[in-house]
Amino acid sequence: MTGAALETLWAKVEAQRERVPAIYGAVDFRAVPERFTATPGDDTALSGKYARDRDALLADPDRVEFIRAYTMIGDATADAYAGLMREHGFRALVDMLTSACDRGVENVPGAPPELIAFIKDMERIPDWLDMELVEEGARVDRNAAANLGPFIIRGAFIATFMNKYAALPMAITGTLSSQTAGRRVKDTATFFTTSVLPGALDRYGPGFKSAAMVRLMHSMVRANVLRRPQDWDMGVYGIPIPQVDQMPAGLISIFLLSYKMIEEGRDQFTPRERAMVELARYRCFLLGLPEELLADTPQGIVDLMNARSGTLRSGYDDSTCGELLRATMAADLRPDNSRRARIHEMFELAFAKLFFVKNFMGGDKAKAASIGVTLTSGDVALAAIAGLFIYARMRLYALAAHIPGVRGVADRRLIAKLKAQLVSYGHAEFTTDAAQYRPSAAPVPAE
């Protein structure tokens with residue numbers, strides 16, 4: 001990125017204060033929060049085999065500055081709508097957004113300009129979008145979503161709060177009990193499961209609506225925590241849920257794919273891989289991620305993800321990260337108390353523990369146990385059985401996808417499985433604690 005482009009980006013950062021003074025009026029965007037580091041030798045979220053790439057990252061000052069800028073950017077369009085909470089109230093904002101997604105914003109009586117801008121931003125069709133590729137990517141991803149997803153969602157979710165700088169918004173907005181943690185796991189699973197159904201990301205598809213709700217809830221969190229200086233130290237944590245912190249959840253699968261390709265010496269996606277990439281990119285676009293963060297080449301994807309991780313200071317706080325982790329591991333994700341549900345939970349929990357230890361603890365069981373995830377030999381055995389079951393099912397569906405006449409039948413079965421999963425997750429509430437979103441008596445003062 002050139003100097004002129006960086007100046008334009010920083011103007012966008014600063015413009016948040018004027019666009020959404022109720023949320024950003026008191027923010028010093030040029031201050032560098034503790035969470036951000038470009039100092040060689042500092043421990044960061046870029047760990048394991050990826051840590052070797054940090055020196056090359058820091059050698060590119062423009063890329064570092066690019067990530068620093070996006071570390072201070074929220075979602076101005078959705079934030080502006082969330083800023084109407086004092087005027088309309090929490091429930092009214094949710095109801096109006098729901099109606100706009102279902103019936104079109106032009107059919108919402110008295111729709112405020114901020115809601116119109118929010119929906120129009122999501123309706124915008126980026127130049128690179130190919131919906132046929134997105135639909136193909138969804139078809140490809142349905143196999144893993146239906147067969148692997150239910151077993152890893154807990155373990156993958158835990159990874160989102162292993163860093164205190166990124167996890168604090170969840171901790172101070174009511175996610176510390178096993179009940180609320182369980183609901184949030186289901187909400188997250190609901191969004192990603194919904195997004196791979198046929199037509200889900202079309203304008204009036206359920207994935208479009210889910211993305212809108214996720215964006216609003218993120219903005220509600222920003223509005224909430226920035227009004228609580230006693231809980232949120234801007235000098236330490238920066239902007240709550242900045243755009244760069246949304247990259248891992250939306251792009252981790254294609255990051256791992258891209259990293260593997262680079263290690264293999266490949267620099268071009270196959271048609272199947274390209275479809276998966278476009279699904280991930282468009283899903284993130286609907287969630288509000290700027291297109292500058294949605295690279296479309298293997299090296300570009302790896303560079304951006306590593307730049308985010310390599311500038312996010314490492315930090316684990318037991319009162320934040322540990323409580324969130326333990327609450328999630330203790331969460332009851334069963335749809336009911338049937339024998340089938342109890343057996344599934346037994347295997348799911350064991351698999352989630354193993355997934356977490358292998359992928360986020362470097363296989364160190366003692367380290368995992370020290371923070372509340374104890375992986376026993378029994379867990380390993382159960383996870384191995386579950387892994388064989390998952391692998392066999394995924395291989396069968398993968399083979400079926402290449403057999404004419406069987407492909408359609410297999411896909412319909414996967415769709416039915418995904419819909420059954422959505423029923424088991426229940427209604428996705430996409431909220432933190434609504435009681436925390438009561439209008440404040442006075443706006444945040446501008447500087």
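A polar contact is taken here as a pair of N or O atoms within 3.5 Å, of which, within protein, one must be able to donate a hydrogen and the other to accept it. In the predicted model described here, a contact of this kind, at 2.8 Å, joins the side chains of Arg-154 and Glu-348. Arg-154 is found in helix α10, which spans residues 149–158, and its relative accessible area is 0%, so that the residue is classed as buried. The side chain of Arg-154 also reaches a backbone atom, the oxygen of Ala-331, at 2.9 Å. When neighbours within four places in sequence are left aside, the residues in contact with Arg-154 are Thr-328, Met-329, Ala-330, Ala-331, Leu-333, Glu-345, Glu-348, Leu-349 and Ala-352.

Helix α10 also meets the helix that precedes it in the numbering, α9 (residues 131–147), and the axes of α9 and α10 come within 5 Å and cross at roughly 75 degrees. Because angles of 65 to 115 degrees count as roughly perpendicular, α9 is described as roughly perpendicular to α10. The residues that meet are Ala-144, Ala-145, Ala-146 and Asn-147 on the α9 side, and Gly-149, Pro-150 and Phe-151 on the α10 side. Sorted by class, the contact of α9 with α10 holds five nonpolar and two polar residues, with no charged residues.

A further helix pair is formed by α19 (residues 339–360) and α21 (residues 377–400), which pack at an angle of about 100 degrees with their axes 8 Å apart. The two helices α19 and α21 are therefore roughly perpendicular to each other. From α19, the contact is made by Met-346, Phe-347, Ala-350, Phe-351, Lys-353 and Leu-354, and from α21 by Asp-379, Leu-382, Ala-383, Ile-385, Ala-386, Gly-387 and Ile-390. By class, the residues of the contact of α19 with α21 divide into 10 nonpolar, one polar and two charged.

Turning to the nonpolar interior, the largest nonpolar core comprises 129 residues, of which Tyr-81, Leu-97, Leu-115, Leu-216, Leu-325 and Phe-356 touch the most other members. The helix that gives the most to this core is α13 (residues 206–226), with 12 residues. For Leu-216, the residues touched, not counting those up to four places away in sequence, are Tyr-81, Ala-82, Leu-93, Val-94, Leu-97 and Phe-118. A second core, separate from the one that includes Leu-216, has six residues, among them Ile-152, Phe-351, Ala-386 and Ile-390. Of these, Phe-351, Ala-386 and Ile-390 are also listed in the contact between α19 and α21.

Two aspartates were examined individually. Asp-102 is found in helix α7 (residues 90–103) and counts as partly exposed, at 43% relative accessibility. Apart from residues up to four places away in sequence, Asp-102 touches Tyr-204 and Lys-209, and the side chains of Asp-102 and Lys-209 make a polar contact of 3.3 Å. Although Asp-102 and Pro-206 are 104 residues apart along the chain, their C-alpha atoms are separated by 9.0 Å. Asp-130, by contrast in setting, is found in the loop between α8 (113–123) and α9, and with a relative accessible area of 32% Asp-130 is likewise partly exposed. The side chain of Asp-130 reaches the backbone nitrogen of Glu-132 at 3.0 Å. The C-alpha atoms of Asp-130 and Val-27, which lie 103 residues apart along the chain, are separated by 38 Å.

Ser-195 has its place in helix α12 (residues 178–195) and counts as buried, at 1% relative accessibility. The side chain of Ser-195 reaches the backbone oxygen of Phe-192 at 2.8 Å. With neighbours within four places in sequence left aside, Ser-195 is in contact with Ala-138, Ala-200, Leu-201, Leu-279 and Arg-283.

One backbone feature remains to be noted. Most residues other than glycine have a negative phi. In Ile-241, however, phi is near 45 degrees, a positive value in a residue other than glycine. Ile-241 lies in the loop between α14 (234–237) and α15 (247–264). Since buried means under 20% relative accessible area, Ile-241, at 17% relative accessibility, counts as buried.

Notes:
Residues are numbered from 1 along each chain as its sequence is written. This is a predicted model: local features need pLDDT of at least 70, side-chain atom pairs count only at pLDDT 80 or more; totals for chains, interfaces and linings use all residues. Side-chain values use heavy atoms; hydrogens and water are left out. Helices (H or I, at least four residues) and strands (E, at least two) are DSSP runs, numbered from the N terminus. Buried means under 20% relative accessible area, exposed over 50%, partly exposed in between (1.4 Å probe, protein chains only). Contact means heavy atoms within 4.5 Å. A nonpolar core is a set of buried Ala, Val, Leu, Ile, Met, Phe, Trp, Tyr and Cys residues joined through side-chain atoms within 4.5 Å. Axes are lines fitted to C-alpha atoms, for helices over the stretch in contact, and angles run from 0 to 180 degrees between N-to-C directions. Angles under 35 degrees count as roughly parallel, over 145 as roughly antiparallel, 65 to 115 as roughly perpendicular and the rest as oblique. Ala, Val, Leu, Ile, Met, Phe, Trp, Tyr, Cys and Pro count as nonpolar, Asp, Glu, Lys and Arg as charged, and the others, Gly among them, as polar.
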